[in-house]
Amino acid sequence: MDMPLAHDSGRDINPAEHSTWDEIASTAETQPIKLIYICGYGRSGSTLLDILLGQQRSMFGGGEIIGLSQHVYLNDEYCACGERVRSCSFWQPVVEQWHAQQPARFIEEFRRAQWKVGTVFSPRRWFGGRDLETFSSHTARLMRLMADRSGKAIIVDSSKWPGRGMALAKIKGIDLHVIHLVRDVRGVAWSLSKAYEADASKGLQRVIVPKPLLYSAARWAYVNLAAEWLCRKVGPSKYLRIRYEDVAADPAGSLQRIASLAGIALDPRDYEAGEFNPAHQVAGNRLRMQKGIRIKSDDSWQKEMPEGKRRLLTRACGFLLARYGYPMGV
């Protein structure tokens, strides 16, 4: 059974509802938007989890929202609905309203501020200042517009990077919940060792060059340790660590755990369908451009990766593999 796309249940924004951006910011502060932020390293299933969560009647899966101002809108890239983002029934009005009453260089200023406060060790995020204010106010406005347009109570952002999560945690208008998504480093590194040609219509905006195994392992360890730091920052009631392999093996159980974290109840009809369809994920893995997705684990590395490379990765990241419950001898 095909699931309804997000825009089917959305509602149009009436500009008269919010006469000024100050009113939107004020509303965001008094009624925070609940945001589920998927944090972790690339090729760990964040797009898949975003799609699964976006099927729920109370959640809107936005994809890697960080990309909207970084490159997606600038280059008029494809939305998961199949339309280019500037023609998309969801993103076109959202971005148009987001731009309204803003100076000509609004996007450039926001992009710069987002980059400066989004690094893991950002002094601008620690000590505040104009960049943090710019990022906070405009991000709260964007999330509010997304919630209004979708008609959903919860926004899902699968941008992954821990530094962005740390910046989001400082926004008063956002009630942040963090999902630390982990995948076995051997599967991640094997996936990143493959090359892909650019194909914009299939969600590949640029050529993907293969990454050396130890480079991927080092980045995997760094990002997951930073994600643990973010989880400590938000507190135990606001985060959940979950493994990609468990999501693929038991999607219903994984969604129930996330729903419990967010304090909502799921309708079983939203996750018992055999196939799932992306809606308006703005950026992410090329999986978002497919329809009729069936959940299955990508375990090709267990069959294809040479034993010597497995041992190398296991030794390099054994301390975190053990912490996350992965077997050491596969």
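Q: Helices here are DSSP runs (H or I) of at least four residues, numbered from the N terminus, so which phi does Gln101 take just after helix 4?
A: In this predicted model, Gln101 takes a positive phi of about 65°, and its place is just after helix 4.

Q: And which residues of helix 4 are buried?
A: Helix 4 covers residues 91–99, and its buried residues are Trp91, Pro93, Val94, Val95, Gln97 and Trp98.

Q: Back to phi for a moment: what is the value for Lys160?
A: The phi of Lys160 is positive, about 80°, although Lys160 is not a glycine. This residue belongs to strand 3, which takes in residues 154–160.

Q: Is Lys160 buried or exposed?
A: Lys160 counts as buried, because its relative accessibility is 8% and the cut-off for buried is under 20%.

Q: What about Arg43, where does that one lie?
A: Arg43 lies in the loop that runs between strand 1 (33–39) and helix 2 (46–54), and its phi, near 60°, is again a positive value in a residue other than glycine.

Q: Switching to the inside, which residues touch the most other members of the largest nonpolar core?
A: That core has 45 residues, and those touching the most other members are Leu68, Trp91, Met143, Met146, Ile155, Leu168 and Leu176. Several elements supply at least two residues each, including strand 1, helix 3 (66–75), helix 8 (162–168) and helix 10 (213–234), while helix 7 gives the most, with eight residues.

Q: What does Met146 touch, leaving out residues up to four places away in sequence?
A: Met146 touches Phe60, Ile65, Phe90, Trp91, Val94 and Ile155. Apart from the largest core lies another core, of 25 residues, with Ile154, Val156, Phe276 and Leu287 among them.

Q: How many residues of strand 4 are buried?
A: Eight of its nine residues are buried, so strand 4 is largely enclosed by the rest of the structure.

Q: Which way do strand 1 and strand 4 run, parallel or antiparallel?
A: They run parallel and are joined by seven bridges, and Lys34 stands opposite Asp175 in strand 4. Strand 4 also pairs with strand 5 (residues 239–243), in the parallel sense and over five bridges, where Val182 has Arg243 of strand 5 as its bridge partner.

Q: Last topic, the surface: which residues make the nonpolar patch?
A: Phe121, Trp126, Phe127 and Tyr222 make a nonpolar surface patch of about 530 Å². Phe121 lies in the loop between helix 5 (106–117) and helix 6 (123–127), and it counts as exposed because its relative accessibility is 51%, with the cut-off for exposed being over 50%.

Conventions
Residues are numbered from 1 along each chain as its sequence is written. This is a predicted model: local features need pLDDT of at least 70, side-chain atom pairs count only at pLDDT 80 or more; totals for chains, interfaces and linings use all residues. Side-chain values use heavy atoms; hydrogens and water are left out. Buried means under 20% relative accessible area, exposed over 50%, partly exposed in between (1.4 Å probe, protein chains only). Patches are made of residues with over 30% relative accessible area and no salt bridge: like charges are joined within 9 Å, nonpolar side chains (Val, Leu, Ile, Met, Phe, Trp, Tyr) within 5 Å. Accessible areas come from the Shrake-Rupley method with a 1.4 Å probe; for residues, only the protein chains shown count as cover. A salt bridge is a side-chain nitrogen of Lys or Arg within 4 Å of a carboxyl oxygen of Asp or Glu. A nonpolar core is a set of buried Ala, Val, Leu, Ile, Met, Phe, Trp, Tyr and Cys residues joined through side-chain atoms within 4.5 Å. Contact means heavy atoms within 4.5 Å. Two strands pair if DSSP finds at least two bridges between them.
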